[in-house]
Amino acid sequence: MKNSVWIWALPGLLGLAGCNKTNDPMPPEHSKWIARIVSYTPAPGQFVNSEMGTREAAESLVGGKKGCLSLGGFGGAVVFEFDHELKNIEGPDFVIFGNAFDGSSEPGVVEVSPDGERWYRLRGAADEATGSVADYEITYFRPKQVAQAEEVAWTDNRGGSGTIEALATIHPQSYWPAAAQGERTIVFRGFRLPDPAEWNGVKYVLRDLGEGYADNWSPDYTTVVGGDPDTRYGNKFDIDRAVDEAGQRVELRTVKQIRVYTAVNQQVGGTLGEVSTEICGALSLSAGR
Ligand SMILES: [Ca+2]
Ligand SMILES: [Ca+2]
């Protein structure tokens, strides 16, 4: 008897739910936080394969400010999206959180895509500064062993070479990304920014490079947008600053995916190691619009 009552009730409930949906004039509720990590492709680095450098760490960026992800040396990247397409609204359109503080900026370049295929860089304040290179390419070479920390050699397309140093006493794990275990080399291309680290006579200071980059202690880092306190301690980005490879402005009304990559290639002395961008979540400013 219970069964027959249930069978009778079910279509009625479904009908009611369907009716509500059709008549509901409100748009669906969207989350302002990251909804999905599309890819995580770190470059070698001291945090890679450790707490801040795994696929699990990447997943911690979903749904709020719950953890941080290290992208490793130059070129290491993460791509993510929201449960809605970001609208290009008046002023800033999204916020990317980092772990920057005064004297500790590790700038990452931000790119946006309207479809997950075409990508456009968002211009930043140091793009034309001395030391910026628009078409930088780096090749990392897998070290002899990848069981534990060992320096990783690199060369670039400007005749440069160097290493990601092994800081084995504090970061003993291998710095070669686990997902590239079978690869002899890893190549990244992108926009290189000037070296942020400078010795001030007492210690290294990782200066900020001005607005327009992630994990960067520029004036926008501590501002609050739209009265939402969650927007503090993150860099603010405006889709209006999108440019193509030739540096020409591109007009985008919506954005489907966002990519952030480490845009500096600098090895700092002491226990600082390589400069590597961290991101600790992101927030859409058009979730409720
Ligand atoms: Ca905008
Ligand atoms: Ca950082």
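Five strands, β3 (77-81), β7 (120-122), β8 (133-141), β11 (185-192) and β17 (257-262), each supply at least two residues of the lining of the largest pocket. Keep in mind as you explore that this is a predicted model.

## The largest pocket

Let's stay with this pocket for a moment. Its volume is about 610 Å³. Of the 25 residues that line the largest pocket, Glu111, Arg189, Gly190, Phe191 and Glu245 are the closest to its centre. Which strand provides the largest share of the lining? That is β11, from which 5 residues come. By residue type, the lining of the largest pocket is made up of 12 nonpolar, 5 polar and 8 charged residues.

## The second largest pocket

The second largest pocket holds about 310 Å³ of space. It is lined by 22 residues, and the closest to its centre are Phe101, Ser104, Glu106, Leu206 and Leu272. Two strands, β13 (204-206) and β19 (273-274), each supply at least two residues of this lining. The most comes from β13, with 3 residues.

Here are the two pockets side by side:

| Pocket | Volume | Lining residues | Nonpolar | Polar | Charged |
|---|---|---|---|---|---|
| Largest pocket | about 610 Å³ | 25 residues | 12 residues | 5 residues | 8 residues |
| Second largest pocket | about 310 Å³ | 22 residues | 9 residues | 8 residues | 5 residues |

## A sheet of four strands

Now for the strands themselves. Strands of a sheet pair through backbone hydrogen bonds, either parallel or antiparallel. An open sheet of 4 strands in this model follows the order β10-β9-β8-β11, and its pairing is antiparallel. Its edge strands are β10 (161-164) and β11, each of which pairs on one side only. On average, neighbouring strands of this sheet are turned by 30 degrees against each other, ignoring direction.

You can follow one of these pairings in detail. Strand β8 is joined to β9 (residues 152-156) by 4 bridges, and the two run antiparallel. Where does Phe141 find its bridge partner in β9? The partner is Ala153.

At one edge of the sheet, strand β10 contains Ile164. Is Ile164 buried or exposed? Its relative accessibility is 2%, and since buried means under 20%, Ile164 counts as buried. Ile164 also shows how a chain can bring distant parts of its sequence together: Ile164 and Gly45 are 119 residues apart in sequence, yet their C-alpha atoms are 6.7 Å apart in space.

## The largest nonpolar core

Some of the same strands turn up again in the largest nonpolar core. This core has 30 residues, of which Val109, Ile138, Tyr140, Leu193 and Tyr261 touch the most other members. Strands β8, β9 and β11 each supply at least two residues of the core. The strand that gives the most is β8, with 4 residues.

## A sheet of three strands

Another open sheet has 3 strands in the order β14-β5-β21, again with antiparallel pairing. Why is one side of β14 (234-237) and of β21 (282-284) left without a neighbour in the sheet? Both stand at the edges and each has a single partner strand, so one side of each has no neighbour there. Neighbouring strands of this sheet are turned by 20 degrees against each other on average, with direction ignored.

Take a look at how β5 (residues 94-97) meets β14: 4 bridges join them, and they run antiparallel. One bridge to find on the structure is that of Phe97, whose partner in β14 is Gly234.

Methods: Residues are numbered from 1 along each chain as its sequence is written. Chains are lettered from A and ligands numbered from 1 in the order in which they are written. This is a predicted model: local features need pLDDT of at least 70, side-chain atom pairs count only at pLDDT 80 or more; totals for chains, interfaces and linings use all residues. Side-chain values use heavy atoms; hydrogens and water are left out. On a 1 Å grid over the protein atoms alone, a cavity is a set of points where a 1.4 Å probe fits but cannot get out, and a pocket is an open set with protein on both sides within 12 Å along at least five of seven lines; lining residues have an atom within 4 Å of a point. Grid points are joined across faces, edges and corners, and a volume is the space filled by probe spheres set on the points. Ala, Val, Leu, Ile, Met, Phe, Trp, Tyr, Cys and Pro count as nonpolar, Asp, Glu, Lys and Arg as charged, and the others, Gly among them, as polar. Two strands pair if DSSP finds at least two bridges between them. Axes are lines fitted to C-alpha atoms, for helices over the stretch in contact, and angles run from 0 to 180 degrees between N-to-C directions. A nonpolar core is a set of buried Ala, Val, Leu, Ile, Met, Phe, Trp, Tyr and Cys residues joined through side-chain atoms within 4.5 Å. Buried means under 20% relative accessible area, exposed over 50%, partly exposed in between (1.4 Å probe, protein chains only).
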